[in-house]
Amino acid sequence: MENRTEISSLGEFGLIEHLTKNFEIRQASTVLSVGDDAAVIDHFGKQTVVTTDLLIEGVHFDLMYTPLRHLGYKSVVVNVSDIYAMNATPTQITMSIGLSNRFSVEALDEFYEGVYAACEKYNVDLIGGDTSASQKGFIISVTALGEVTPGKFVKRNTAQKGDLICVSGTVGGAFLGLTILEREKKIYLENPQIQPDLENEKFIVGKLLKPEARKDIIEFFEQNGIVPTSMMDVSDGVSSEVLHLCRQSNLGCRIYEEKLPVSEEAKAAAFKFGLDPTACALSGGEDYELIFTLKQEDYDKITLQEEIAVIGYMADLEEGRKILTKGGNSFDITAQGWNAFQQ
Ligand SMILES: [Mg+2]
């Protein structure tokens with residue numbers, strides 16, 4: 001970077017002023033925003049949904065291949081995704097960061113460019129936060145607030161036997177994007193002259209570095225009078241999330257391998273790495289798609305929606321939680337989803 005402004009030259013309050021000065025308020029519910037001891041929100045009779053997420057360098061992201069702008073964008077997306085997963089609409093976020101002096105003001109500006117781009121895309125206000133020095137590594141903590149018509153929020157423990165299990169978009173792509181970036185990192189560390197060529201992998205690399213939350217699916221539900229019987233977002237992998245829905249609803253399930261939505265790019269990348277695309281779809285995390293259950297009578301309402309795939313159905317607890325393979329075999333579903341604690 002050409003110019004480097006030390007954060008210490010601005011001071012904490014100068015930095016906050018610098019980072020938030022151009023931010024405009026979008027939501028009527030934001031009564032008071034950044035600049036006081038706390039923000040004030042009025043949801044006008046709606047219920048408030050709250051979620052929070054912590055992202056730690058070296059555990060959740062690697063700055064060697066994660067552009068700061070994408071990281072800023074993604075830290076907002078993973079939080080609004082949890083709000084959508086409640087069938088609610090995100091309205092505000094707070095963002096707190098801990099950073100060491102290896103970051104300059106210019107680097108932080110890049111990060112906030114991504115944060116603001118996501119706030120614009122998802123129509124949320126940044127209403128507060130905190131900044132602190134961190135001895136090592138970059139730490140990002142985001143809290144998102146959202147609103148929902150009273151009683152319309154969708155939980156995980158309310159699926160019924162016979163309900164259809166559905167997934168939005170495609171799954172497994174983010175994991176394969178990560179696999180590619182980890183390989184490129186290794187090649188680069190061994191031989192810095194070799195520049196990565198990711199032209200054919202744009203889609204899956206994008207799924208990892210710049211995921212989108214499924215605002216469109218929640219809007220589709222609203223427009224078509226659909227209320228899922230249970231829902232969550234796919235952050236740890238389909239098998240792990242299916243098991244959450246089953247356990248919390250006290251049910252079994254059947255998943256069909258052939259119905260899992262895997263993109264052509266993800267299949268090609270899996271082939272290249274000698275990985276099973278189904279395993280990637282089941283166990284790869286970070287796709288930020290929605291997984292939900294629908295009453296069978298709602299099936300007609302989703303047949304034309306190409307972004308929703310029916311992958312199975314909820315069964316009695318006694319029937320177990322099984323995946324039926326293309327070859328006609330049946331296996332118990334296990335949660336080998338990726339787990340930040342295993343790294
Ligand atoms: Mg979630």
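Start by selecting β7 and β11: the two strands pair antiparallel, over five bridges. This is a predicted model. Pick Val167 next, and look across to its bridge partner in β11, Ala309.

Keep β11 selected. How many of its eight residues are buried? Six are, so the strand is largely enclosed by the rest of the structure. Burial here means under 20% relative accessible area.

Now add strand β9, residues 252-256. Four bridges join β9 to β11, and the two run antiparallel. Click Gly252 to find Ala315 of β11 standing opposite.

**The whole sheet**

Widen the selection to β8-β10-β7-β11-β9-β12-β13. In that order, these seven strands form an open sheet with mixed pairing. Which strands sit at the edges? They are β8 and β13 (330-332), each of which pairs on one side only. On average, neighbouring strands of the sheet are turned by 25° against each other, direction ignored.

Go to the β13 end. Select β12, residues 321-324: β12 pairs with β13 in the antiparallel sense over three bridges. Show Lys322 as sticks, with Asp332 of β13 opposite.

Next, select helix α6, residues 215-223. This helix packs on the sheet. Which strands does α6 touch? The contacts are with β7 (164-168), β8, β10 (289-294) and β11 (308-315). The direction of α6 makes about 25° with that of β10.

**The metal**

Select the magnesium ion. Asp82 and Asp233 coordinate the ion through OD atoms, at 2.1 Å. Colour by secondary structure to place the two ligands. Asp82 lies in helix α2 (residues 68-84) and Asp233 in strand β8 (residues 230-234), so the pair ties together parts that are 151 residues apart in sequence. Is Asp233 buried or exposed? At 2% relative accessibility, Asp233 counts as buried.

**Helix α1**

Finish at helix α1, residues 11-20. Select Leu15, Leu19 and Thr20, which are buried. Look down the axis of α1: the buried residues fall within an arc of 110°, so they line one face of the helix. What do these buried residues pack against? Their partners are α3 (105-121) and β5 (125-133). Now rotate to the face of α1 turned away from the buried side. There you will find the exposed residues Phe13 and Glu17.

Notes:
Residues numbered from 1 in each chain as written. Predicted model: local features only at pLDDT ≥ 70, side-chain atom pairs only at ≥ 80, totals over all residues. Heavy atoms only, no water. Donors = N, O, S within 2.8 Å, 3.2 Å for Na, K, Ca; no water. Buried < 20%, exposed > 50% of the residue type's maximum accessible area, 1.4 Å probe, protein only. Pairing = 2+ DSSP bridges. Axes fitted to C-alpha atoms, helices over the stretch in contact; angles between N-to-C directions. Contact = heavy atoms within 4.5 Å. Arc of directions from axis to C-beta.
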